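Here is a short briefing on packing, cores and ring contacts. Please keep the structure open while reading.

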Amino acid sequence: MIQDLVVSLLFMGYAIGFMMGLATLFTWVERKQSAVMADRIGANRCYLRLPFTNVRLVAWGLFHGIADGAKMLLKENFTPNTYDRLCYNLAPWLAAVPVLLVFAVVPFGGTLAPGRLLPQLHPFFGDRGYAMQVASLDAGILVVLSFSGIGILGTMLAGWSSNNKFSLLGAARAASQMISYEVAMGLALISLVVTYGTLDLGAMVRWQSGTLAGFLPAWGIFTQPLAFVLFLTAAIAENKRVPFDLPECESELVSGYFTEYTAMKMGLFMLSEFIEIVVVSALLVTMFLGGYNLPFLTDAGFVLPAGSVWTLPHLAVVLLQVATFLVKVFLAGCFMIQIRWSLPRFRYDQLMAFGWKFLMPLAALNLVATAGVRWWTV
């Protein structure tokens, strides 16, 4: 139906804008947050002069992101003599596009009923409701793992096709690192599946809308605290961020797998890293922090302690859910950036040992314990 197509296009546009906008904002957050931690002013030299005036809008350095984008678009696109020019040009897109696709299965709000939102739309939509999710799939977790595994192909192609030994070493490091931490992440996610009893991310969020002991939100961070730590650690490692940034370690490999990339091709690699921060934060919020849920907020309004309901308009509920998800994702991303500027880099042997000898056994033990508790309580 045309109505379904319109809503789907609306959700896709919001999802792309959400990821690109927040990723661009995180480039500024990384600068300013590191500046605050180092007790310095930070990025504040790029300003916008109002036309026909001497007024300068500094805006806390927010215009640095615009300047960086313009610089990458206008720089010379240097291309080395490569083994395979097709793979060289394809690699940045393989690194960026799968990350965008992962967000398709992430619910960023509850149920949107356009007919209730605006009375003028009721003749077209009736009382039909739409889950605020680009693709509502029963096997959402499997889609996340599938698409997240494709991104490493872009890294491998970039390192191999660049005809540069440092790039090839960075690509090899990224591939072995992805394998070692993907195992721990998969086991942590299986523990969640056992706890929630579903592979659907939307159903996981609805499961977390309840309470524990009558007052504590039934969020995954409380029901699966160890899986939360394991997933966060493995996700940072797969994102190749400090302390797991060995694939692009500048003290050893210049810039690692994208050393031979310039202009917007290098910008795609950089942007994909920040988009991945947004996507990982969204997954973390969805599976462990209640998603778009606020304590005691339902589709009808707030459930008061006495059992009565403070009814809210449908528009207010939708805006609260979307804003809650946005704020949670932003704070989770800031926390990941805080980790990046707080911890030193691993040695490569330490990184691999940490993944295979510590995280994976711990994830396996957590899965066994979760399965045992589930069997005992059912």
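The buried residues of α10 pack against α7 (165-196), α9 (220-223), α12 (263-288), α13 (314-340) and α14 (348-377). The model is predicted. Of the 14 residues of α10, 11 are buried, so this helix is largely enclosed by the rest of the structure.

**Helix α10**
- Helix α10 covers residues 225-238 and has 14 residues.
- From its first C-alpha to its last it reaches 20 Å, close to the 20 Å expected at 1.5 Å a residue.
- Its buried residues include the aromatic Phe-228 and Phe-231, along with Leu-230, Leu-232 and Ile-236.
- Thr-233 and Glu-238 are also among the buried residues of α10.
- Just after α10, Lys-240 takes a positive phi of about 60°.

**Nonpolar cores**
- The largest nonpolar core has 75 residues.
- Within this core, Met-287 and Phe-325 touch the most other members.
- Helix α12 supplies the largest share of the core, 13 residues.
- A second, separate core holds nine residues, including Ala-91, Ala-95, Tyr-257 and Tyr-261.
- What does Met-287 contact, leaving aside its neighbours within four places in sequence? The partners are Ile-141, Leu-189, Leu-192, Tyr-196, Leu-201, Met-204, Gln-208, Gly-220 and Phe-231.
- One of these partners, Phe-231, is a buried residue of α10.

**Aromatic rings**
- The count of aromatic pairs comes to 14.
- In one pair, Trp-375 and Trp-376 have ring centres 6.2 Å apart and planes at 55°, so the pair is tilted.
- Are these two Trp residues, Trp-375 and Trp-376, buried or exposed? Both are exposed.
- Ring pairs link Phe-11, Tyr-14, Phe-18, Phe-103, Phe-108 and Phe-325 into a cluster.
- Phe-325 thus appears twice here: in the ring cluster and as a residue that, with Met-287, touches the most other members of the largest core.

**Charge over a ring**
- Arg-173 lies over the face of Tyr-348.
- The distance to the ring centre is 5.2 Å.

**Thr-27**
- Thr-27 sits in helix α1, which spans residues 2-37.
- Its relative accessible area is 15%, under the 20% cut-off, so Thr-27 counts as buried.
- The side chain of Thr-27 reaches the backbone oxygen of Thr-24 at 2.4 Å.

Notes. Residues are numbered from 1 along each chain as its sequence is written. This is a predicted model: local features need pLDDT of at least 70, side-chain atom pairs count only at pLDDT 80 or more; totals for chains, interfaces and linings use all residues. Side-chain values use heavy atoms; hydrogens and water are left out. Helices (H or I, at least four residues) and strands (E, at least two) are DSSP runs, numbered from the N terminus. Buried means under 20% relative accessible area, exposed over 50%, partly exposed in between (1.4 Å probe, protein chains only). A polar contact is a pair of N or O atoms within 3.5 Å; within protein, one must be able to donate a hydrogen and the other to accept it, and residues adjacent in sequence count only if both atoms are side-chain atoms. The expected span of a helix is 1.5 Å times one less than its number of residues. Contact means heavy atoms within 4.5 Å. A nonpolar core is a set of buried Ala, Val, Leu, Ile, Met, Phe, Trp, Tyr and Cys residues joined through side-chain atoms within 4.5 Å. Rings of Phe, Tyr and Trp (its six-membered ring) pair if their centres lie within 6.5 Å; planes under 30 degrees apart count as stacked, over 60 as edge-to-face and the rest as tilted. A charge sits over a ring if NZ of Lys or CZ of Arg is within 6 Å of the ring centre and within 35 degrees of the ring normal.
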